[in-house]
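Let's take a friendly walk through a protein model together. Have the sequence and the picture open as you read, and look up each part as it comes along.

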Amino acid sequence: MADVTAHTNLPGVAFAPLRQVALAEALEQDLEILRDSEAGLSVQTYYGRICFAPSENGTCAEIHAPQTDFLQTLKDSLVSQISALSPDVAQGIRWSDASSAGQLPANARLMSVVQVERLDGDFLRVTLQGDVSRFTLDAIHFRLGIPPQGRPAIWPAIGPNGATQWPKGADALHLPVYTARFVRPDKGELVFDLFRHDGGRATHWAETTAPGDEVLVTGPGGGGCRVETEILGFADETGFPAVARILEANPGLVGRVTLFPGGPLGAAYPLPAHPGVQVDYAEPGTQALMAKAALAEVTEGNPPFLWFAAERSQATEVRSAWRKSGRAAKDAYISAYWQRRE
Ligand SMILES: Cc1cc2nc3c(=O)[nH]c(=O)nc-3n(C[C@H](O)[C@H](O)[C@H](O)COP(=O)(O)OP(=O)(O)OC[C@H]3O[C@@H](n4cnc5c(N)ncnc54)[C@H](O)[C@@H]3O)c2cc1C
């Protein structure tokens, strides 16, 4: 597929400091640096390539992506990076491709609720209908955009600088991430499994929404469900739907996955049977020990692919141990799926 591309000038933004900021961010996110010299920086992200080079009056930026929704994600990311350095320059950005100011961003769709069902394991299974053409085995996660309770929905729109302008203040959307459990292109359906938890705004939305209600879906992105080698997996309930996708998408996979339910109901979540992957359940309520359990099983030599999805503090503990041990980022998926707020 041909690249879609766009470029813009960043007048008054010196290349050298921008290079340092972009390099630090690339390192933080384990991104591949394709080129780094005084003549230019090029970074490969999941969504495409971001390139900076010095220009006569500052820096020029160029982005390349395989599809328009990914190009939008790169624009959003670049404008936000420049905004942190110089809000005025970020406001003044104008891209070389056709302006879509005022429209819904290419990486967002409005979908309508079909149904919400109770599912074993204390989950709600939500079915939405709309354009699901962007979902693939390599892109299974998305954000919901839930309007504030009791207010008319204001959806995001592209601003003159190409970035997504999100409704703010009382109109701000709640934007939690979910995993596509089933995608049915023939019916235009997206199904996801939402773990019910106290105080969850998404839980409240799912329990009160009605067929035909509109909700925003942005993405998908941020990873898929293909695993090439043996797996060593760990997940709490928020990761169970992704584990289900992995089991379905990789029939020849071997390995072991340990699931950590928060309570006694969690183990009832329906997972597909798999001939090569052993699924074990930890004692309910031991999620605070997930990082220790995972690290105890990561062996020297040639360990299996580590797949770890849990609360932020657990994921951070595993990621920093993984980095300290000098292992490659590509040999693991370690992700914070939610954050405990006291
Ligand atoms: C890549 C990815 C994929 C994900 N896939 C799924 C999925 O398929 N299904 C799913 O249910 N979740 C999934 N999650 C997790 C989900 O995005 C978070 O749990 C999110 O915070 C839920 O928002 P909320 O509106 O329910 O809670 P909020 O209204 O944002 O939070 C309210 C309170 O609930 C707490 N809280 C949030 N999540 C949990 C939790 N899981 N358990 C206990 N307390 C919690 C918060 O700390 C806060 O105090 C995924 C996350 C990521 C990053």
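Two residues are in contact here if their C-beta atoms, placed from the backbone, lie within 7 Å. What you see is a predicted model, where local features need a pLDDT of at least 70 and side-chain atom pairs count only at pLDDT 80 or more, while totals for chains, interfaces and linings use all residues. Residues are numbered from 1 along each chain as its sequence is written.

**The whole chain**

The protein chain has 7 helices and 18 strands. Helices (H or I, at least four residues) and strands (E, at least two) are DSSP runs, numbered from the N terminus. The radius of gyration of the chain is 21 Å, close to the 20 Å from the globule rule for 342 residues, so the chain is as compact as a globular protein of that length. That radius is taken over C-alpha atoms, and the globule rule is 2.2 Å times the number of residues to the power 0.38. Along the principal axes, the C-alpha atoms fill a box of roughly 60 × 55 × 40 Å.

Of the 342 residues, 36% count as buried. A residue is buried if 20 or more other C-beta atoms lie within 10 Å of its own, exposed if 12 or fewer, and partly exposed in between, with C-beta atoms placed from the backbone. Among the contacts with a separation of 6 or more, 68% link residues 24 or more positions apart.

**Domains and where they touch**

The domain assignment gives domain 1 (4–92), domain 2 (108–221) and domain 3 (231–338). Such bounds come from an automatic or database domain assignment. The centres of domain 2 and domain 3, taken over C-alpha atoms, are separated by 25 Å. Where the two meet, 11 residues of domain 2 are in contact with 12 residues of domain 3. On the domain 2 side, E11 and E12 each supply at least two residues, and E12 has the largest share with 3 residues.

**Around the ligand**

Which residues come nearest to the ligand? They are Pro176, Thr179, Phe195, Gly200 and Ala202, out of 25 residues around the ligand. A residue counts as near if its C-beta atom, placed from the backbone, lies within 6 Å. Strand E11 (177–184), strand E12 (189–195), helix H4 (201–208) and strand E18 (332–338) each give at least two residues to this shell. E12 gives the most, with 4 residues. Both domain 2 and domain 3 contribute at least three residues each to the shell.

The table compares the make-up of the ligand shell with that of the domain 2 side that touches domain 3. Ala, Val, Leu, Ile, Met, Phe, Trp, Tyr, Cys and Pro count as nonpolar, Asp, Glu, Lys and Arg as charged, and the others, Gly among them, as polar.

| Set of residues | Nonpolar | Polar | Charged |
|---|---|---|---|
| Shell around the ligand | 10 residues | 11 residues | 4 residues |
| Side of domain 2 that touches domain 3 | 5 residues | 2 residues | 4 residues |

**The cores**

A nonpolar core is a set of buried Ala, Val, Leu, Ile, Met, Phe, Trp, Tyr and Cys residues joined through C-beta atoms within 7 Å. The largest one has 57 residues, and those touching the most other members are Leu190, Leu194, Val217, Ala235, Val243, Phe308 and Ala310. Helix H5 (residues 240–249) supplies the largest share of this core, 6 residues. Domain 2 and domain 3 each lend the core at least three residues. A second, separate core of 24 residues includes Val43, Leu78, Val79 and Trp95.

Leu190, leaving aside its neighbours within four places in sequence, is in contact with Met111, Leu128, Val132, Phe135, Ala180, Val183 and Val217.

Why is H5 described as largely enclosed by the rest of the structure? The reason is that 8 of the 10 residues of H5 are buried. They run through Phe240, Pro241, Ala242, Val243, Ala244, Arg245, Ile246 and Leu247. Their cover includes E11, E12, strand E14 (231–236), strand E15 (255–260), strand E16 (277–281) and strand E17 (305–311).

**Two backbone details**

Most residues other than glycine have a negative phi, and most peptide bonds are trans. Asp122, in the loop between strand E6 (108–119) and strand E7 (123–129), has a positive phi of about 70 degrees although it is not a glycine. The peptide bond from Gly219 to Pro220 is cis, with omega near 5 degrees, and Pro220 is found in strand E13 (residues 214–221).
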